[in-house]
Amino acid sequence: MPQYALVIDLNTCVGCHACATNCKEWNTQAAFGPLSDFDPYGKEPTGVWYNRIFTYETGEFPDVQVFHLPKSCLHCQDAPCVPVCPTGASYKREQDGIVLVNYDDCIGCKLCAWSCPYGCREYDEADKVMKKCTLCIDRIYDETLPPEQRKPACVLTCPAKARFFGDIEDPNSEVYKAIKERNGFVLFPDMGTNPANHYLPRTETKVNLEEFEKHLLRPDNPLFLEVVKRHHVSHKAEEVS
Amino acid sequence: MEIGGSFYEKKYYSTCYMCACRCGIEVYVRNNKVTYIKGNEDHPLNKGVLCAKGSSGIMKEYSPARLRKPLLRTGPRGSGQFKEIEWDEAIDIAVKWIKEALEKGPHRVAFFTGRDQMQAINGWFAGQMGTINWAAHGGFCSVNVAAAGLLSTGYSFWEFGDPDFEHTKYFMMIGVAEDHSSNPFKLGIQEMKRRGGKFVVVNPVRWAYGAIADEWIPIKPGTDGAFIMGLMHVLFKYNLVDWRFLREQTNAPWLVIQAPGTPKDGLFYRNEEGKPMVFDKRSKSFKPADRIVPDDLDPAFIGEFETPEGYKVRPAFDIFAERLIKDYSPEKVEKITGIPASTIERVAKEIGVTALYDPLELPIEWTDVWGRKHKTMKGRPVSFHIMRGIASHSNGFQTARAVFLLKMMLGCADAPGGHLAKPPYPKHIDTLPKPKKIKSLDELEYGKFYGPHLGFPQNPDDLLVDKEGRPLRIDRAYSWEFPIAAHGCIQNVIPSAYKKDPYEIDVLIIYMANMAWNSSQNIPYILEALTATDASGNYVIPKIITIDAFYSEQVAYSDLVLPDATYLEQYFALSLLDRPPSVASGPVDALRIPVVDPKKEGYDVRGWGDVMVEIGTKLKLPGFVNEDGSPKYKDFKDFLINWEIKPGVGALAGWRGKNGDKHFVGEPNPKQIEMYIKNKGFFYYRLPEHMRYYRHINKDYLEWAKSVGFVTKTEPIIMNFYLESLQTFRLAGQGLWEGENQPPNDPVLRERLVKYFDPLPFWYPPFEEEVSGDEYPFYAFTQRPQWMYHSWDSQNAWLRQISSRNYLYMNPKTAEKLGIKHLDWVWVESRVGKVKCQVFLTETTEPNSVWTWNAIGKMAGAWGLKPEAEEAHEGFLLNHVVPHSIKINGKEVYYGDPITGHLAWFDTKVKVYKAEDQEPKTYPEFKVEPLPYIKERWTEVLRYKP
């Protein structure tokens, strides 16, 4: 069965929040909007966001790493938010695996939010219903859009091209290949949720100097030595005052 | 659920203005409301993507901070008491004030334009008025980088050049530079990383882009120059130098006269024709440098020679080599920068072997200016990026110079994989503009064109000083204090006008700059300057006119406010006459168009362009009226189409000529705007492949560039390894300059000239070291988060949910020594003041640094935020502790780079200690009364779905 999902490349994500705000502007005006904001110009502005960016650091100076982790509904293959819903408002579509909320049936009990280990549910206090990422279902099936634009807003806008969209069950898809080739992983694999969204890990590129050190890299540039000699200067480490 | 096509009625192509990058956007509108903004896929700059700021443009459009009508101050400055007036009255007042001042003397009007994307036009407008006092914001932004680059290589970073992300294999970003530029860099870095390139970040902080760096090199602030010099030491030692590049394309082998105490000292040795000379090792004789390629000379790089006239001469490289060896061994550099010597050595080797031994070679035939045909284009796939982190120190110019020399040593300037110029750059360095020379303010006349205002003095005689050597500009640019202030010194305007030194002014006009707050330093002092009165109770700075779309702090301290339209409501040209919005593969310019009608939203606002045309016409400035006194331009749209800075050259370069069939040069085309709209809002001339690299010596490129007016000649652009023009200022400091302008007999100024105007780069400690020393042990600096960088919108309803306050970031070990814990409230104190703020501990910050996000802290009541908003209480502004001046041997000078005047924000040194009172509140706090209608706009719930 098809399972649409996002694959997010942590090797290029710079944590710029473009995906989050573009998601917000698309979705607030679109089929599942608005995405309410509360006290937007006051002391503690809050709002409904389908997509949020978290930044973490690990290690101790100077061996420290920073990770930006964009997080939205992971469209779990075994989504815990679906069975807990007392009204059936929270459901997973068979044709594409997208988890959606039917606002008409949602009673705002928040059981789904409680069951989601990822904190990816967004309760809209104004509408008293639960909202969440729809994978831009109102873009991906919109035949009035040019085919290349039938993708989630976050994917189209990402300046770091860190977001891929597609069917992770289709071996020919870009996302399937990316997960396989780059060791894609999921969040909390032990929770039994089987998230559809995947992340691609950081890698570190190094320059291999070994071959150069053998043949090429010798600190004996005659011009350098000539200057040393002419000015009687020392350039040796041990003579630094 | 409805799917399909309902999200807009109209779709427009325009240009973003949420930051300074000028990305192409598609704007979708329904019921005169913007429903969606996305990146324009065909635009060469952003290729369809759009950052967090661009995607939040809707909330700028509907911000409660928006001004709705012209304002005339009724209470004291800063009280927020205004009355709304009609546009006719507002323009009449502005015209009256400006006219009266111009009649007394054009310099009495100072026009400074901060976030200016139409500098060519605004500068021209100032010139029409006849005032000498105009500049944009470069003085506090990155003029050090721009000036060092243009003077060294004929182009620079940011608008002037980009890494060749398509081919580069090693990209090093040095200092705070993020989002300069935004989308193009994110696109580029990911592209390079996917190809297996290495991304190195040299920065006191690992954050944002640093997260995906393959290597982070933490560095002590203000020491980058030493690091770069250390890299060059190692490159030279291991012979990782592109000697051919240095020989043919730079002046590194040119001979420099060694005659201390004489007027020739440090200048190039020239023959009778005035041509600089080299020593040819093959013929063992002196030859003109321009014969190096034609005669296949082998010029010496090392050695000391004696000329027939008896001068001792040394190749420029030889002088530099001695300096590298004596002062910049990795071990010495480690002591300055905190970077281990082994790291310096390894990184230098990495960039050296990548530049010189990577097999990158593009199969593109091209011809150089000397007529040599080449079968391929050899790559040098190492690239760099520097911006404000380097620029904002008092050693910024020389540090930036070091980076440009590093590029030359690696040969990666405009080579495939290296750092590429963006047309219309590179330019011939000797043809860069100079500020229009006058010797006395009496030469200025109301309505007599003055300009260009800005440029690059090549020697002391180009300075703008009077007989006594005093500054002629209010901002002291091009004075002996800041001789090569290539972008002016906006940061000095308010202090200078306050002290009436060099003179008093009558009208200060500020366009889109927040000089009363986050774009000035030592804010308590600036607010004192803006509100000070003389004995008769009049303000010392008599009239302040501000043009802005929002209720900023600057607006609150103004007398007359002309409310601007937003970027979605006005025509605007992103012109090649300005710093170009181009890409490396070709020149780009673009159009911004009105997509929503502010009147329908209840805003009686007008784009500054339209207002400028009306003011110019009413002042009867020659550029705005015909001989019979009738207006030349109907409005700004008409102006954009028909205005020409010289025959055939106007604001927009595409589709010129009566029928729109000429590009770059051609008479105005009445249908030009329509043609831009048809082409999705921009004009892009993609250079053919053989003209995309080595453009400083590329025959076909230079011939083409001359044909379209980008350059004036087709000679090679020889890069300034040695910047001889600096030596002329040094000679002046020594009393050896034989020209007309002589520095005042002031030992401090003279010593600055002698010490810092070194034609070869060197590192010196930031000035603050000497005055603040160990008493204030930490460097304090700011950057802006990617979601607010360059934005005018930290009050934006969506963006402020990402950060509505800032913290002081510091290393946990540093904090531990000071007894400071995570989230403690502390005092940050510099020699000029102190600010209370909350600490956030992070291992991502090197131990000598504390830093925060700039421009999040606000004055309570400003920017359409409720008075209790976190921005004004939990958030804070570091600017309060940034010195605006420094005393050197008892003489007070404005705090800046001694060469360009660049405001040295990041020199600031502080001590940090735990506040006794842990009340969660910043200090000092300032407040202003919100406009009444802004209060009415505050909503508890915002549900945006038009």
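Hi everyone, let me start in the middle of chain B: strand 26 (residues 572-574) and strand 27 of chain B pair in the antiparallel sense over three bridges. Strands here are DSSP runs of E of at least two residues, helices are runs of H or I of at least four residues, and both are numbered from the N terminus. Two strands pair if DSSP finds at least two bridges between them.

A word on the source before I go on. This is a predicted model, where local features need pLDDT of at least 70 and side-chain atom pairs count only at pLDDT 80 or more, while totals for chains, interfaces and linings use all residues. Residues are numbered from 1 along each chain as its sequence is written, and chains are lettered from A and ligands numbered from 1 in the order in which they are written.

Back to strand 27. Within its pairing with strand 26, B:L574 stands opposite B:A590 in strand 27 of chain B. Strand 27 of chain B also pairs with strand 30 (residues 682-684) of chain B, again in the antiparallel sense and over three bridges. There, B:D589 has B:F683 in strand 30 of chain B as its bridge partner.

So is strand 27 (residues 588-592) of chain B buried or exposed? Five of its five residues are buried, so strand 27 of chain B is largely enclosed by the rest of the structure. Buried means that 20 or more other C-beta atoms lie within 10 Å of the residue's own, exposed means 12 or fewer, and partly exposed is in between, with C-beta atoms placed from the backbone. In a regular strand the side chains alternate between the two faces of the sheet. Here both faces are covered: B:V588, B:A590 and B:R592 are buried on one side, and B:D589 and B:L591 on the other.

Next, a sheet at the start of chain B. It is an open sheet of three strands in the order 1-2-3, with antiparallel pairing. Strand 1 (10-15) and strand 3 (33-39) of chain B are the edge strands, each pairing on one side only. On average, neighbouring strands of this sheet are turned by 30 degrees against each other, direction ignored; the axes are lines fitted to C-alpha atoms, for helices over the stretch in contact, and angles run from 0 to 180 degrees between N-to-C directions. Six bridges link strand 2 (residues 24-30) of chain B to strand 3 of chain B in the antiparallel sense, and B:Y28 stands opposite B:Y36 in strand 3.

Now a helix. Which residues of helix 21 (residues 747-756) of chain B are buried? They are B:L749, B:R752, B:L753 and B:Y756. These cover an arc of only 105 degrees around the axis, which puts them on the same side of helix 21 of chain B; the arc is that of the directions from the helix axis to the C-beta atoms. The buried residues of helix 21 of chain B pack against helix 20 (724-733) of chain B.

Let's move to the interface. 71 residues of chain A are in contact with 84 residues of chain B, where contact means that the two C-beta atoms, placed from the backbone, lie within 7 Å. Helix 1 of chain A gives the largest share of the side of chain A that touches chain B, nine residues. The chains also share a strand pairing: strand 2 of chain A and strand 39 (residues 941-942) of chain B run antiparallel and are joined by two bridges. In that pairing, A:F38 stands opposite B:V941 in strand 39 of chain B.

Last, some backbone geometry for anyone checking torsions. Most residues other than glycine have a negative phi, and most peptide bonds are trans. The peptide bond from B:G451 to B:P452 is cis, with omega near 0 degrees, and B:P452 sits in the loop between strand 22 (419-421) and helix 13 (493-499) of chain B. The bond from B:Y923 to B:P924 is cis too, with omega near -5 degrees.

As for phi, B:Y694 is not a glycine but has a positive value of about 50 degrees. B:Y694 lies in the loop between strand 30 and helix 19 (699-707) of chain B, and counts as buried with 26 C-beta neighbours inside 10 Å. B:H790, also a residue other than glycine, has a positive phi near 60 degrees. B:H790 is buried, with 20 other C-beta atoms within 10 Å. Thanks for listening!
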